Amino acid sequence: MSDYSNLKTEEMVLNMGPQHPSTHGVLRLEIKLDGELIVEVKPHVGYLHRCFEKHCEAMTYPQIVPYVDRMDYLASMSNELGYAIAVERLMGIQVPERVEYIRVIMAELQRIASHMVALGTYGLDIGAFTPFLYLFADRERILSIFEETCGARLLYNYIWVGGLSHDLHPDFIRKAKEFVTYFRPKITELNNLLSYNKIFIERTANVGILPIETAINYGMTGPNLRASGLKWDLRRDDPYSIYDKFEFDIPVGKGWVGTLGDCWDRYFVRVLEMEQSLNILDQALAQIPDGDVTSAIPKRIKPAERQIYTRVENPRGELGYFIVSKGGLQPHRVKVRPPSFISLGLMNELCKGHLVADVIAILGSIDIVLGEVDR
Amino acid sequence: MIIYEYLSELFGSPVLASVIQSLFPLIFLIPFALFAVWLERKVSAFMQDRIGPNRVGKHGWLQTVADILKLIQKEDITAANADKPLFNIAPVLVFAGSYLAFAAIPFSSAYIGSSIDLGLLFIVAASGFVVAGILMGGWASNNKYSLLGAVRSAAQVVSYEIPTVLVILSVVMLTGSLSLYELSEMQTSSIHNWILFGGNAPLLQKILLIPFMFIGFIILYISSLAEVNRTPFDIPEAESELVAGFHTEYSGMKFAMFFLAEYANMFAVSAIVSAIFLGGYQSPFGYLGNTLGLTWLVPIEQFLWFSAKGLFFVFVQMWLRWTLPRLRVDQLMALCWKYLIPIAFVNLLIIGLIVLIKI
Amino acid sequence: MREYFSNIWSGLFTVLVGMKITFKHLFEPSVTIQYPDEKPKLPERARNRLYVNMDDCIGCDQCSRACPVSCIEIETVKALPTDDLGKTSQGKKKALWVTKFNIDFAKCCYCQLCVFPCPTECIYMTETYEFSEYQRDSLNYSFVTLTPSEIEEKKDNFAKFEAEKAAQKAAAAAPKPAQKTDE
């Protein structure tokens with residue numbers, strides 16, 4: 001019998017990023033490894049810091065909208081929606097019915113587009129290249145619809161305080177409806193190709209389990225929280241805009257193939273959410289009223305001396321805006337509660353005891369956008 | 001075989017003939033690798049609704065040539081703290097390992113590099129040689145990702161040789177030969193003589209053998225995928241985790257060597273699978289040369305059949321790569337030790353029994 | 001034991017299902033647009049490089065103030081009462097010589113916020129999107145129609161005019177305190 005207890009072993013520090021194929025942007029993870037087992041993960045953020053909050057203090061309210069776009073660049077519409085609602089509540093503006101409908105349609109299309117990127121890149125992280133490109137090709141359809149209406153594909157500057165920059169393009173309703181019918185079977189295809197694939201399930205089930213208590217303690221929101229089993233969706237629990245008019249389910253994780261709150265649950269909740277977004281789109285596209293979209297835009301946005309916190313359900317979770325107004329044309333302070341940043345805080349908790357390959361699987365499953373983490 | 005005899009007569013020296021003959025696979029391999037890289041890109045592109053390379057040459061078929069030219073021109077970077085001798089040897093060794101396997105591959109009845117009796121065993125041993133190169137490269141790069149990739153690769157290739165050998169063993173029990181030439185000659189004339197369908201065994205035995213031969217075939221194909229580090233077993237170079245695994249630090253021509261070795265290996269394992277189970281170079285329909293009375297045509301036809309079969313399996317490898325996600329390192333081991341090896345072992349016992357009973 | 005075999009089965013089956021899907025896509029037409037050769041038609045609202053129609057510009061500086069990244073630089077000189085600047089296409093009277101109208105497209109974020117406040121609709125987004133440059137400075141576009149000598153002239157004119165006015169004022173205002181001190 002040989003005695004291995006005298007064998008000198010040491011932990012290895014592995015720097016993952018800032019240049020690494022699957023850190024979803026410019027993120028640096030400092031990983032302490034014992035062999036291939038993870039002892040500790042330390043995320044280092046700030047590589048994409050663009051002083052959003054400080055910038056806002058020197059900008060007038062409408063000028064902030066393009067900056068808001070650039071936070072979570074995969075869900076610009078949702079960011080704008082949250083900001084517009086915050087300032088509207090600050091000033092007490094009522095926007096016309098049509099504007100609300102268009103905003104909901106845009107936000108839901110954006111949610112689908114954002115989830116497409118999330119799911120596609122998640123497949124890429126696990127090693128499946130093809131679903132990623134299928135989803136990107138389909139996402140292109142949404143972006144083209146957006147481009148036709150507001151002129152931009154990624155950073156829209158479309159939802160303004162009190163209204164919208166343009167009315168819908170005449171083709172919009174038809175094209176959006178076409179997309180809804182086109183995309184439903186594509187979800188099934190995605191499921192067959194990736195979600196139900198045995199290897200994919202093996203890689204993601206029972207990995208990075210997030211118990212509901214931990215999720216709540218860390219302030220997780222959005223699909224990550226729902227995957228742990230809590231039915232919490234701001235569209236239903238704190239309705240903004242006109243979400244209370246639509247019927248939709250809130251998919252929650254059930255531990256379908258593994259434990260409740262594992263990576264596969266987080267992945268699959270997003271797939272189901274895309275279906276629900278299609279349902280909302282169906283209803284909204286059928287009911288959309290006529291009207292003027294620019295009538296409620298104030299000439300001068302100069303809120304009274306107040307402060308407000310508003311939150312909306314971003315594709316990545318609760319996006320909150322805390323705006324302090326001192327009565328000027330510029331806000332005194334804008335603070336953003338970014339869902340991605342808070343999700344990233346969980347990395348160490350989720351990764352402990354897993355393998356290096358699981359870091360990628362877990363990082364992909366919490367779906368962060370570094371633009372929003374760093375702002 | 002015939003070519004070797006012809007060459008030794010021509011040069012009057014068997015040594016010179018062997019040396020010249022040993023270059024023949026290279027003549028096949030380099031165009032094949034160029035073609036396979038192009039095919040891989042085209043297949044992946046079409047599967048992903050893209051176009052793929054289409055600028056250099058018609059349908060981009062010169063793209064890989066252009067890439068190789070680019071790689072030759074590129075600066076050959078050696079990382080500052082790398083172990084230089086090992087770092088430089090590694091790609092050569094990896095390529096040598098995969099080229100070694102070609103020595104025993106029967107391209108046609110007229111040409112086998114070396115018709116040794118232990119051909120199958122030799123190929124298994126030679127493919128183990130690649131691991132040494134990969135480990136060397138990973139260690140010498142002095143990069144943590146490379147090291148992880150190399151260690152993973154060693155564990156993987158060593159484990160997956162066991163099911164490979166078990167399946168080969170079950171085939172050997174049926175045929176009684178380890179020589180690839182004999183194996184191929186045994187599966188002559190038509191499809192039902194393929195070992196996949198029980199080879200030359202009597203009818204009843206054949207029917208009993210077929211399902212187990214299929215299982216053996218699938219196991220062999222899966223473990224061959226693992227041995228060449230292809231998706232879903234490409235964990236040594238898992239790009240989303242380890243950047244490029246053991247060849248992260250390599251650039252220029254040395255990188256091209258790894259690349260060439262990968263594609264050479266892909267063909268080698270496909271060739272072995274087809275030689276063992278699908279009749280090797282034998283045509284399933286008989287030969288045009290025989291019907292026309294042109295005997296010299298037969299070896300060429302055989303070569304074409306062999307390439308076609310090999311290429312088909314290479315295509316399936318690509319197809320799998322662009323469909324499947326990647327396994328994790330422990331799952332890879334679990335698949336090998338918990339599934340492939342026990343099944344291969346039971347399969348071996350059953351085939352042994354069937355062969356023994358001699359119904 | 002049952003789980004063992006169901007694992008094998010689901011492993012093989014789902015792989016084959018996936019392979020079927022990718023095989024089907026092998027024969028689907030590609031979605032690629034081969035960009036420099038074929039260009040997609042831009043929608044009419046597409047937001048690309050800005051253009052300023054200087055004939056209509058009245059130098060009101062509203063676009064510059066709306067810009068969130070301050071990429072528009074405008075300098076104006078007041079026209080002399082005798083100058084005739086013409087009218088914009090909408091019939092507005094111009095009262096300022098625009099001596100500097102630079103848009104730095106290296107800074108521009110194509111948000112279109114400058115387009116909306118323009119009272120004469122003279123700044124708008126065009127369809128040009130291929131204007132990359134090797135030097136960052138060359139992305140700084142100048143839209144001024146006046147030549148440098150003309151600009152100098154206008155500035156001088158205005159300075160002279162101001163000086164004259166100041167002199168007149170001084171002449172009008174100076175004598176009084178002077179008288180007072182005298183007394």
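**Exercise 1. The nonpolar core**

Which residues does Ile276(B) touch, not counting residues up to four places away in sequence?

*Solution.* This is a predicted model, in which local features need pLDDT of at least 70 and side-chain atom pairs count only at pLDDT 80 or more, while totals for chains, interfaces and linings use all residues. Residues are numbered from 1 along each chain as its sequence is written, and chains are lettered from A and ligands numbered from 1 in the order in which they are written.

Step 1: contact is taken to exist if the C-beta atoms of two residues, placed from the backbone, lie within 7 Å. With residues up to four places away in sequence left out, Ile276(B) touches Ile168(B), Val171(B), Leu183(B), Ile195(B) and Leu220(B).

Step 2: place this residue in its core, a nonpolar core being a set of buried Ala, Val, Leu, Ile, Met, Phe, Trp, Tyr and Cys residues joined through C-beta atoms within 7 Å, where buried requires 20 or more other C-beta atoms within 10 Å of the residue's own, again placed from the backbone. The largest nonpolar core has 222 residues, and Val359(A), Ile362(A) and Ile276(B) are those with the most contacts inside it. The largest share of this core, 18 residues, comes from H11(B). A second, separate core has 21 residues, including Cys67(C) and Cys111(C).

**Exercise 2. Two helix pairs in chain B**

Describe how H4(B) packs with H11(B), and then how H6(B) packs with H7(B).

*Solution.* Step 1: helices are DSSP runs (H or I, at least four residues) and strands are runs of E (at least two), numbered from the N terminus; axes are lines fitted to C-alpha atoms, for helices over the stretch in contact, and angles run from 0 to 180 degrees between N-to-C directions.

Step 2: helix H4 (residues 63–73) of chain B and helix H11 (residues 252–277) of chain B pack at about 140°, with their axes 6 Å apart. Angles under 35 degrees count as roughly parallel, over 145 as roughly antiparallel, 65 to 115 as roughly perpendicular and the rest as oblique, and H4(B) and H11(B) are therefore oblique to each other. Ile68(B), Leu71(B) and Ile72(B) of H4(B) meet Gly252(B), Met253(B), Phe255(B) and Ala256(B) of H11(B).

Step 3: helix H6 (residues 119–140) of chain B and helix H7 (residues 144–175) of chain B pack at an angle of about 170°, with their axes 8 Å apart, which makes H6(B) roughly antiparallel to H7(B).

**Exercise 3. Strands in chain A**

Work out how E6, E7 and E8 of chain A are arranged, and how E2(A) is joined to E3(A).

*Solution.* Step 1: two strands pair if DSSP finds at least two bridges between them. The three strands form an open sheet in the order E6-E7-E8 (chain A), with antiparallel pairing. Strand E6 (307–314) and strand E8 (333–337) of chain A each have a single partner strand and stand at the edges, so one side of each is left without a neighbour in the sheet.

Step 2: strand E7 (residues 317–324) of chain A pairs with E8(A) over five bridges, and Phe322(A) has Lys335(A) in E8(A) as its bridge partner.

Step 3: strand E2 (residues 28–34) and strand E3 (residues 37–44) of chain A run antiparallel and are joined by seven bridges, with Leu33(A) opposite Ile38(A). E2(A) and E3(A) form a hairpin with two residues between them, and Gly35(A) in the turn has a positive phi of about 70°.

Methods:
Buried ≥ 20, exposed ≤ 12 C-beta atoms within 10 Å, placed from the backbone.
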